[in-house]
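Ready for a few short exercises? Have a go at each task before you read its solution.

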Amino acid sequence: MLHGNQIRLGLGRRKGDPIKRFWSKVDKTGSCWVWTATTHEEGYGKFFVDGKHWQAHRYSMHISKGLDPNKPLVCHTCDNPPCVNPNHLYNGTVKDNKRDEVERNTTNKYWKRNR
Ligand SMILES: [Zn+2]
């Protein structure tokens, strides 16, 4: 299994601190911290680290506040896709807007089933 070990070692150590590298691509002069490197078509920043591509705002959340596995989306309060300011970001679910509704429905089903 020498081959597997070689692959693991190869990916494990990259030069430089990815977090420093990340912030070096961000323009913090405004209230929105704008990603200045490569972006997706939708305007979200793209950041490559540890062998995978991150959306820049997701990575910002990951290194600042941590990602909530139960809320896979990272949403903007400022509606500015290239913004990576953690204070403008929050963890959300796909149906976060409809969360109240979903919870109500779930509750209703629960009550119906267990009445
Ligand atoms: Zn913003």
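A quick term to begin with: pLDDT is the predictor's confidence in each residue, on a scale from 0 to 100. You'll want it here, since what you're looking at is a predicted model.

**Exercise 1. Find out how confident the predictor is along the chain, and where pLDDT drops below 50.**

Step 1: Start with the whole chain. Its mean pLDDT is 80, and 70% of the residues reach 70 or more.

Step 2: Now look at residues 4-12. Here pLDDT is below 50, and the stretch has one contact in the model beyond near neighbours in sequence.

Step 3: Go on to residues 106-115. These also stay under 50, and the model gives them zero contacts beyond four places in sequence.

**Exercise 2. Work out which helices and strands the chain has, and in what order they come.**

Step 1: Count the elements: there are four helices and six strands.

Step 2: Read them off from the N terminus, and you get α-α-β-β-β-β-α-β-β-α.

Step 3: Check how much is buried. Of the 115 residues in the chain, 16% are.

**Exercise 3. Describe how strands β3 and β4 pair.**

Step 1: Locate the strands. β3 covers residues 46-49 and β4 covers residues 52-55.

Step 2: Look at the direction. The two pair in the antiparallel sense, over four bridges.

Step 3: Pick out a partner. Phe48 is bridged to His53 in β4.

Step 4: Look at the turn of this hairpin. Two residues sit between the strands, and Asp50 has a positive phi near 50 degrees, although Asp50 is not a glycine.

**Exercise 4. Decide whether Asp50, Asp79 and Asp17 are buried or exposed.**

Step 1: Recall the cut-off: a residue is exposed if 12 or fewer other C-beta atoms lie within 10 Å of its own.

Step 2: Take Asp50, in the loop between β3 and β4. It counts as exposed because 9 other C-beta atoms lie within 10 Å.

Step 3: Turn to Asp79, in the loop between β5 (73-76) and β6 (89-92). Asp79 has 9 other C-beta atoms within 10 Å, so it is exposed. Asp79 has a positive phi too, near 55 degrees, and is a residue other than glycine.

Step 4: Finish with Asp17, in the loop between α1 (2-12) and α2 (18-23). With 10 C-beta neighbours inside 10 Å, Asp17 is exposed.

**Exercise 5. Say how far Asp17 is from Val49, in sequence and in space.**

Step 1: Along the sequence, the two are 32 residues apart.

Step 2: In space, Asp17 and Val49 are 10.0 Å apart, C-alpha to C-alpha.

Definitions and conventions. Residues are numbered from 1 along each chain as its sequence is written. This is a predicted model: local features need pLDDT of at least 70, side-chain atom pairs count only at pLDDT 80 or more; totals for chains, interfaces and linings use all residues. Two residues are in contact if their C-beta atoms, placed from the backbone, lie within 7 Å. A residue is buried if 20 or more other C-beta atoms lie within 10 Å of its own, exposed if 12 or fewer, and partly exposed in between; C-beta atoms are placed from the backbone. Two strands pair if DSSP finds at least two bridges between them.
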